Every structure is written in structure tokens, then in C-alpha cells.
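The following paragraphs lead the reader through a structure, beginning with the pairing of strands and ending with the contact between chains. Please keep the sequence and the structure in view while reading.

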Amino acid sequence: MKRFRVAVQVVPRRGLLDPQGKAVADALHSLGFRGVAAVHVGRHVVLELDAPDADAARLQTREMCERLLANPVTEDFEIAEVSVA
Amino acid sequence: MKFGVVTFPGSNGDYDALHAVTEGIGEEAVYLWHKDADLQGCDVVILPGGFSYGDYLRAGAIARFSPIMREVVAHARRGGPVVAFCNGFQVACEAGLLPGALLRNESLKFVCAPVGLRVETADTPFTSNYQRGQHIVLPIAHGDGRYSADEQTLDRLEGEGRVVFRYAPSPLEAEEAYNPNGSMRDIAGIVNEGGNVLGMMPHPERAVDPLLGPPDGLPLFESILQRVPV
């Protein structure tokens, strides 16, 4: 077993109304960042995970996302990083 | 008839639900602790409002894995009635008892106010004592009440008469911003395919005593009493 650091990004599904993202975009516009076309605010989850290898860590994390970390109805997830902790 | 009110850590509407049953319709009600895997022979299960498990991660996401929820899901699969108010609705969606999800209010604000609703169907065990099209007022108190689902799911809910309550302006007042959370198609409450699980964001259990305003929630409990066989 090795300990891995796994980072997961969970974001609201594209096309769904994202009032939080819109509020942040509006605030950035008011600060003068005119180039901001859209903002999507999600969650960044970092796991410290014991697994035999990186593939196993990735596989387990995928299942965690499907079962708990993301809502399959409204959110998409991406496993952004798997590295040895 | 025996009602069971689930208490999760962070539930705050459990007493209101118990009170609505015992005082509103004079029936027996007990609390069901989230760690127990026993419905104590209850005929009807209520998932109350609150902030179960602090609403960490997503509202209802963690509560659905508590031991009592396995029993509640089994009860629902057997056709047993389940009523889920507010946070309970969020838990029921997360548990797959109802389709869709409840997202952050469009305004990004927690809204605590009486809201107007239209009863869309009296053809459920929960609404038979209302008239179809009746306008009622119930309190809401939530930050994550924006009902969302994909278009096919919404079409199906409407086609099968499973949208039970919709936010609606009072017929006596001018059209205003009557949808308090931006829910799709103004949906405030739905039932599952079998018609035995009701989820709704408003709080009928907080509107059973004339002391606190129009007791528009009482017919919901009376409907259950009349329509659910024991």
C-alpha cells in the first residue's frame, strides 16, 4: 500500500443555472476584469488515500465521486491529480 | 395510525412534524433516531426539515447513508408512505427516492417567508383533502430549494401528474416574483412513480395551528389519515 494524494474537482453541470458563478462573474466585471466570459464555482476535494497503486487509487476515487462526492444529476467531476503523498 | 419522524443530527423540523401529527390530527408519532435501523412499526415516515449533518458536501448527501435511511428506502419500495419536507426532500432526492435535485436558491439567499402555492393534484394520498387548483399559503425556510432535473424528467413528472405543488401568485394579487428559489417550472413538491413518496420544500407541518397563520398544512395530514390504509 502506498499513500496517494488525490485531487477531485466537482463543478456544476454546464447549462444548469449557476447563480454563484454568475455572482462571481458580475463581481469580477465590476472590478474591471472585462474579459471574464463566465465563471463556474465548484468544489475541490483532496483525499489522502491508501491504495496499492495509482490506478487503484483513481478507480476508488471514481467510485467515491459517483456515490457521494458529486451529485450525478447536477454535477460533473474530474480527477485532477493522483500523486504519491 | 403511527407516524415516525426521523431525527438526523442537525434536524430542526422534527418537533414540528411530531407536533403536527399529535396535535394537528391526534395520531401517534415517535422519533426515529438516524443510527437505528428500525422503523418501530410506523405506517408513515416523515423526513423533517433542518440541516442534516450540517448539510456538508451537499444538502442531504450524507444523511442518505445513515442506517435509518436503508429502512426508509425499503419501506418506500414496499409502497409505504414517506413525506419529506424541506431538508427531508433534499435527503429523499439524494437517496434516489425522488428524481432531481435541490440546488442553491437563484437569489443565493436563504428565504424564510410564507409563499403562495397551487395544489396541482388532489389525486395523491397526501392531497386528497385539497381541491385541485386550490391556492394555499405555506411557510418556507431554505437556502437550497431550487428544484432541478433534466427536461425529460420534468416532462415525465408533468405528464404523469406528479407535480403536486407549484409556487403560484395568489389569484387576488398582481403577478409578482412568486417563485422564491428559481425552481424549474415553479415546482415546489413532487411524488415518486408509485405515488407513495412526497417531497416538498414548503413546511405544511408548520402551518397546522391557526395561531401561526392559515392552517393550510393541516389538510395534508388529514389526507394521509383518510387515504393511507393501516
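Two strands are said to pair if DSSP finds at least two bridges between them. The model to which this criterion is applied here is a predicted one.

In chain A, strand β1 (residues 2-12) is a suitable starting point. Strand β1(A) is joined by 9 bridges to strand β3 (residues 75-84) of chain A, and the two run antiparallel. Within this pairing, A:Val8 has A:Ile79 of β3(A) as its bridge partner. Strand β1(A) is also joined to strand β2 (residues 43-51) of chain A, again antiparallel and through 9 bridges. Here A:Ala7 is matched with A:Val46 of β2(A). In a regular strand, the side chains alternate between the two faces of the sheet.

Chain B contains an open sheet of 9 strands, with mixed pairing, in the order β2-β1-β3-β4-β11-β10-β9-β6-β7. Its edges are formed by β2 (28-33) and β7 (135-142) of chain B, each of which pairs on one side only. Neighbouring strands of this sheet are turned against each other by 25 degrees on average, direction ignored. At the β7(B) edge, the pairing with strand β6 (residues 111-119) of chain B is antiparallel and extends over 8 bridges. One of the residues involved is B:Leu117, whose bridge partner in β7(B) is B:Ile136.

It remains to consider how the two chains meet. Chain B has 11 residues in contact with 9 residues of chain A. By class, the side of chain B that touches chain A consists of 5 nonpolar, 3 polar and 3 charged residues.

Conventions
Residues numbered from 1 in each chain as written. Chains lettered and ligands numbered in written order. Predicted model: local features only at pLDDT ≥ 70, side-chain atom pairs only at ≥ 80, totals over all residues. Contact = placed C-beta atoms within 7 Å. Nonpolar A, V, L, I, M, F, W, Y, C, P; charged D, E, K, R; others polar. Helix = DSSP H or I, 4+ residues; strand = E, 2+ residues; numbered from the N terminus. Axes fitted to C-alpha atoms, helices over the stretch in contact; angles between N-to-C directions.
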